[in-house]
Amino acid sequence: MFVVCSTAISQIKQRSTSVSLYTGIGYKFVLLTNSQARDAYPFFQLSNGDFLKEIDGYFGAIINESYGIEFSPSYLFTNTINSKGFSFNDGTGSRFYVPADKRLFALPLNLKFKYYPMAKNYGSSLSRFYLGVGAGPMYINEQATNQIYSDASQLSYLGSQTSEDSFWTSNFELMAGIGSYSKIGYGFEISYRIVPLKASGTKPLITNIVSNFGSVNFAANIIYSF
């Protein structure tokens, strides 16, 4: 028997620290969950083909294939000319307001965190499926010109009034989606957004009346990976 003396160096397996970067743009359809807000800004309006929509930009990083962080500024907007009227107390009594023209836009600025539960299953078509949460500030601007009537019968016309308001609030998101592995790929996402409002009731505007501007959102994305 022979005894061989030598220095043995243990083999250490390191975890992957790879980071992949991506950017892209998305188009989102927005369905408001508050019924009064949805009457004012419908998911789709047959009379003029207008609807509430959102354009998203984003830049993100996927770490160790399983975790992602993303910055996503968005532009939500609509122009509607017809909607249901609503009752509003202007300080002298309750009046019925029928919007003749409305404009709304919002700027959510969200930081998102994503988890890819099947990222290591390379042979699965769901390896790019993710769950995520997001939050950030949100700027909202709303303007409306309303025809004012004494009551909902709209028989007694009292005049018209243009009102505008803009403010910052917060928003929170829960999301699930899937993307492709291509250099230039695609993705789809469904999300639920919570937007708390103060509902001050000081102006005849939907964002002054309702307490939540939350929505269910359906997005289609184009993704470019570095």
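This is a short walk through one structure, from its largest pocket to its aromatic rings and one polar contact.

Okay, before anything else: what you're looking at is a predicted model.

Let's start with the pocket. How much space lies in the largest pocket? About 340 Å³. There are 27 residues lining it, and the closest to its centre are Y22, I62, K114, Y116 and I223. If you want to find the walls on the screen, look for the strands that give two or more residues each to the lining: strand 1 (19-32), strand 2 (53-63), strand 3 (67-80), strand 5 (94-115), strand 7 (157-179), strand 8 (184-194) and strand 9 (215-225). And what sort of residues are they? The lining splits into 11 nonpolar, 9 polar and 7 charged.

Two of those central residues come back when we look at charges sitting over rings. K114 lies over the face of Y130, with 4.3 Å to the ring centre. Then there's Y116, which has R128 over its face, at 5.8 Å from the ring centre.

Right, on to the rings themselves. How many aromatic pairs does the structure hold? It holds 16. I'll show you a couple. Take Y75 and F105: their rings are 6.1 Å apart, centre to centre, with 45° between the planes, so this pair counts as tilted, since that label covers angles that are neither under 30 degrees nor over 60. This one links distant parts of the chain, because Y75 is in strand 3 and F105 is in strand 5, 30 residues apart. Are these two rings buried or exposed? Something in between: Y75 is partly exposed at 36% relative accessible area, and F105 is partly exposed too, at 27%.

Now put F88 and Y97 next to that. Here the centres are 5.5 Å apart and the planes are at 90°, which makes the pair edge-to-face. Both F88 and Y97 are buried.

Back to Y75 and F105 for a second, as they also belong to a bigger group. Ring pairs link Y75, F77, F105, Y139 and W168 into a cluster.

Last stop: D165, which you'll find in strand 7. Why does D165 count as buried? Its relative accessibility is 18%, and the cut-off for buried is under 20%, so D165 falls on the buried side. And what does its side chain contact? The side chain of D165 makes a polar contact with the side chain of N208, at 2.8 Å.

That's the tour, so let's go to the screen.

Key: Residues are numbered from 1 along each chain as its sequence is written. This is a predicted model: local features need pLDDT of at least 70, side-chain atom pairs count only at pLDDT 80 or more; totals for chains, interfaces and linings use all residues. Side-chain values use heavy atoms; hydrogens and water are left out. On a 1 Å grid over the protein atoms alone, a cavity is a set of points where a 1.4 Å probe fits but cannot get out, and a pocket is an open set with protein on both sides within 12 Å along at least five of seven lines; lining residues have an atom within 4 Å of a point. Grid points are joined across faces, edges and corners, and a volume is the space filled by probe spheres set on the points. Helices (H or I, at least four residues) and strands (E, at least two) are DSSP runs, numbered from the N terminus. Ala, Val, Leu, Ile, Met, Phe, Trp, Tyr, Cys and Pro count as nonpolar, Asp, Glu, Lys and Arg as charged, and the others, Gly among them, as polar. Rings of Phe, Tyr and Trp (its six-membered ring) pair if their centres lie within 6.5 Å; planes under 30 degrees apart count as stacked, over 60 as edge-to-face and the rest as tilted. Buried means under 20% relative accessible area, exposed over 50%, partly exposed in between (1.4 Å probe, protein chains only). A charge sits over a ring if NZ of Lys or CZ of Arg is within 6 Å of the ring centre and within 35 degrees of the ring normal. A polar contact is a pair of N or O atoms within 3.5 Å; within protein, one must be able to donate a hydrogen and the other to accept it, and residues adjacent in sequence count only if both atoms are side-chain atoms.
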